[in-house]
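Okay, thanks for making time, everyone. I'll put the structure up and walk through it, so grab a coffee and have a look.

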Amino acid sequence: MDVTYPPERTFTTRSGQAMRLRPIRPEDVPNLFAFHERLSRESLRMRYFTPRRRLTEDVARHLCTVDFRDRAAFVASPLESDAIHGIGRYERDAPHSAEVAFIVEDALQGNGIGPALLQRLAEHARAQGIERFTAAVLYENTAMLSVFRNSPFRPQISVEHDCAFVKLDLTVLPEPAAQRPAGRGLAAARLRSLQAPA
Ligand SMILES: CC(C)(COP(=O)(O)OP(=O)(O)OC[C@H]1O[C@@H](n2cnc3c(N)ncnc32)[C@H](O)[C@@H]1OP(=O)(O)O)[C@@H](O)C(=O)NCCC(=O)NCCS
């Protein structure tokens, strides 16, 4: 697969730890297995709606091999290793829309990693022509709903039985350079690089 990997960024968690947000790669399969092993049944239930989800080699390879156009995933890793502490991913389900999902290692939840992954994923998706994120979340999942509610993406949340359906508007982000009239792209790219986290 011919993939252009997006750049890595760093950010600081609420507890002051510097972390990298990096694109997932096929070589991450062992890191993904190790991450999966550390997840609690409760986190798995919140993410997959079932507490037991066996990760097979095939599924792990599929999750780590994305094209960064229609499927993208960023992982949170420490500065000193490629260990995975959190993952945010999208899968395009319509020309301008994609479904998103997140999971953060239990010991690091509540540190702002989820919002950082959402922001990074949204910026990348916008540049791929995606204008809307959708998500299906258990209504009891107050942590995930809080991340969406506190995001700048004008969240719309509707509830059916025990599930919340979320829509996020990515057009609040700057228009992608490729779709601008000629001449505006460079100035906007300079502005974006000044605004980007270190
Ligand atoms: C949902 C999730 C991705 C949020 O990521 P995060 O890095 O923890 O996000 P934040 O640090 O911004 O925390 C969000 C809110 O939830 C609270 N929170 C996070 N983890 C919590 C926990 N384990 N128990 C109680 N509250 C928690 C935080 O205090 C914060 O509350 P606030 O908005 O009132 O300040 C993460 O908690 C997670 O992986 N949960 C399990 C998997 C899951 O639910 N995935 C979503 C399916 S789409």
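Let's start in the sheet, with strand E3 (residues 71–78) and strand E4 (residues 86–94): they run antiparallel and are joined by six bridges. Ala73 has its bridge partner in E4, and that is Arg89. Quick vocabulary: strands here are DSSP runs of E with at least two residues, helices are runs of H or I with at least four, and both are numbered from the N terminus. Two strands pair if DSSP finds at least two bridges between them.

Before I go on, the housekeeping. This is a predicted model, where local features need pLDDT of at least 70, side-chain atom pairs count only at pLDDT 80 or more, and totals for chains, interfaces and linings use all residues. Residues are numbered from 1 along each chain as its sequence is written.

So, the overview. The protein chain has six helices and eight strands, and along the sequence the pattern reads β-β-α-α-α-β-β-β-α-β-α-β-β-α. How are the strands arranged? Eight of them form an open sheet with mixed pairing, in the order E1-E2-E3-E4-E5-E6-E8-E7. Strand E1 (9–12) and E7 are the edge strands, each pairing on one side only. On average, neighbouring strands of this sheet are turned by 25° against each other, direction ignored; the axes behind that are lines fitted to C-alpha atoms, for helices over the stretch in contact, and angles run from 0 to 180 degrees between N-to-C directions.

Take the E1 end. E1 runs antiparallel to strand E2 (residues 18–23), with four bridges between them, and Phe11 is matched with Met19 in E2. The two strands form a hairpin with five residues between them, and Gly16 in the turn has a positive phi of about 90°.

Now the other end. E6 and strand E8 (residues 163–169) are antiparallel, joined by seven bridges, and Ala135 sits opposite Val166 in E8. E8 also pairs with strand E7 (residues 156–160), again in the antiparallel sense, over five bridges; there, Ser158 has Phe165 as its bridge partner in E8. That's another hairpin, with two residues between E7 and E8, and His161 in the turn has a positive phi of about 55°.

Is His161 buried or exposed? It counts as exposed, because it has 6 C-beta neighbours inside 10 Å. The cut-offs, with C-beta atoms placed from the backbone: 20 or more other C-beta atoms within 10 Å of its own makes a residue buried, 12 or fewer exposed, and in between is partly exposed. The C-alpha atoms of His161 and Tyr139 are 8.3 Å apart, with their positions 22 residues apart along the chain.

Two more backbone oddities. Phe49 isn't a glycine, yet it has a positive phi of about 65°; it is in the loop between H2 and helix H3 (57–64) and is partly exposed, with 14 C-beta neighbours inside 10 Å. Arg154, also not a glycine, has a positive phi of about 45°. It lies in the loop between H5 and E7 and counts as exposed, with 11 C-beta neighbours inside 10 Å.

On to the inside. Buried residues make up 25% of the 198 residues in the chain. The largest nonpolar core has 37 residues, and Phe102, Leu117, Leu121, Ala125 and Phe133 touch the most other members. H4 gives the most to this core, seven residues. A core here is a set of buried Ala, Val, Leu, Ile, Met, Phe, Trp, Tyr and Cys residues joined through C-beta atoms within 7 Å. Setting aside residues up to four places away in sequence, Phe133 touches Tyr90, Ala98, Val100, Ala122, Ala125, Leu168 and Leu170, where contact means backbone-placed C-beta atoms within 7 Å.

Last stop, the ligand. Which residues come nearest? Of the 22 around the ligand, they are Met46, Gln109, Gly114, Ala143 and Ser146. Helix H2 (41–48), strand E5 (97–104), helix H4 (113–127), strand E6 (132–138) and helix H5 (142–149) each give two or more residues to that shell. Near means a backbone-placed C-beta atom within 6 Å. By class, the shell has 12 nonpolar, nine polar and one charged residues; Ala, Val, Leu, Ile, Met, Phe, Trp, Tyr, Cys and Pro count as nonpolar, Asp, Glu, Lys and Arg as charged, and the others, Gly among them, as polar.

Notes
Contact = placed C-beta atoms within 7 Å.
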